Amino acid sequence: GPCTECSCASGKEPAKDPSHSKKKENGDQLCVPKIFFGTRTHKQISQISRELKRTAYSCVPMTILSSRDYTCIHPVVSNSSNRSEMCVELLEGKHGKSCSYYHGAHKLSEQHALQPAHGLYQAWDIEDLVRLGRKLRACPYFAARELMVGADIVFCPYNYLLDPQIRDSMDINLKDQVVILDEAHNIEDCARESVSYGVTESQLRAAREELDFMVSNSIRQKHHEPLRAVCCSLI
């Protein structure tokens, strides 16, 4: 077989070498870039992970980043309309209790533990991770984010790579990494969407009323008057 010391062989059989990611992260001599693979939809990620499974690289450490809409398994939060906000509140312990699934995320987030123990040897899909998360009572959302540290390939929707706010919140650093955009002709629309925002006329009218109230009660008038003028002009 190939010499395992040289960097060209490093991607071949990481399942047998749990220290693989640590050498990469901390050791200067083995600075292998990650591959960030962006797709238009979550559904396309499952197709691509299925294709990856059929290649010689099916055991390479990977992760899939997606929203809580796909990965939250908390019985209350996952059924709420604003999962992100509710999740953050739970983790801050505002109501005196936290999320036990979050505290179990580490059970899912070690690549070498994930693979032999649960049969996720090969490229997996979000649904596989969620299924396993339910079984282990461990949060797939945070596990997937932690798996990014040791992953050689990271799958995610385009906007995770294009939108600076999402990049920040997900700790994605693209410097010196490889970025692949599937069906890149969709990028323009996606870029437009990430810097666009839609409001209805009734939302504008409600905002104007609130701003009227602020201005007439002398609450930070100099900040609120220009905002009111914007609302009025848009209406």
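Where does D171 lie? D171 sits in the loop between α10 (164-169) and β4. I will come back to that residue; the model I am showing is a predicted one.

Let me start with the sheet. The sheet is open and has 4 strands, in the order β2-β3-β1-β4, with parallel pairing. The edges are β2 (62-64) and β4 (178-181); each has a single partner strand, so one side of each is left without a neighbour in the sheet. On average, neighbouring strands here are turned by 15° against each other, direction ignored.

Now the pairs, going across. β2 and β3 are parallel and pair over 3 bridges. Within that pair, I64 has F155 in β3 as its bridge partner. Next, β1 is joined to β3 by 5 bridges, and the two strands run parallel. F36 is matched there with V154 in β3. On to the other edge: β1, residues 35-39, and β4 run parallel and are joined by 4 bridges. Opposite F37 stands I180 in β4.

How much of β3 is buried? The strand is mostly covered, with 5 of its 5 residues buried. In a regular strand, side chains alternate between the two faces of the sheet. For β3, one side carries I153, F155 and P157, the other carries V154 and C156, and all of these are buried, so both faces of the strand are covered. One element that packs here is helix α2, residues 42-53, which lies across β1, β2 and β3 (153-157). Helix α2 runs at about 155° to β3.

Next, the interior space. A probe the size of a water molecule, rolled over the atoms, shows where empty space is left. How many cavities of 30 Å³ or more does a search of the whole structure find? The search gives 2. The largest cavity holds about 110 Å³ of space. Its lining has 14 residues, and those nearest the centre are C72, H74, C87, C99 and C139. By type, the lining of the largest cavity splits into 12 nonpolar residues, 1 polar and 1 charged. Three helices, α4 (83-92), α5 (100-103) and α8 (140-147), each supply at least two residues of that lining. Of the contributors, α4 gives the most, with 3 residues.

Last, the backbone. Most residues other than glycine have a negative phi. I have two exceptions to show. R137 is not a glycine, yet has a positive phi of about 55°. R137 lies in the loop between α7 (126-136) and α8. Its relative accessible area is 47%, so R137 falls between the 20% and 50% cut-offs and counts as partly exposed.

The other is D171, which is not a glycine either and has a positive phi of about 55°. Is D171 buried or exposed? Its relative accessibility is 61%, which is over 50%, so D171 counts as exposed. Leaving aside residues up to four places away in sequence, D171 touches R145 and M148. M148 and D171 are 23 residues apart in sequence, and their C-alpha atoms are 9.4 Å apart in space.

To recap: the 4 strands pair in parallel in the order β2-β3-β1-β4, the largest cavity has a lining of 14 residues, and positive phi values of about 55° turn up at R137 and D171. That is what I have.

Conventions. Residues numbered from 1 in each chain as written. Predicted model: local features only at pLDDT ≥ 70, side-chain atom pairs only at ≥ 80, totals over all residues. Heavy atoms only, no water. Pairing = 2+ DSSP bridges. Axes fitted to C-alpha atoms, helices over the stretch in contact; angles between N-to-C directions. Contact = heavy atoms within 4.5 Å. 1 Å grid on protein atoms, 1.4 Å probe; cavity = no way out; pocket = protein on both sides within 12 Å on 5 of 7 lines; lining within 4 Å. Points joined across faces, edges and corners; volume = space filled by probe spheres on them. Nonpolar A, V, L, I, M, F, W, Y, C, P; charged D, E, K, R; others polar. Buried < 20%, exposed > 50% of the residue type's maximum accessible area, 1.4 Å probe, protein only.
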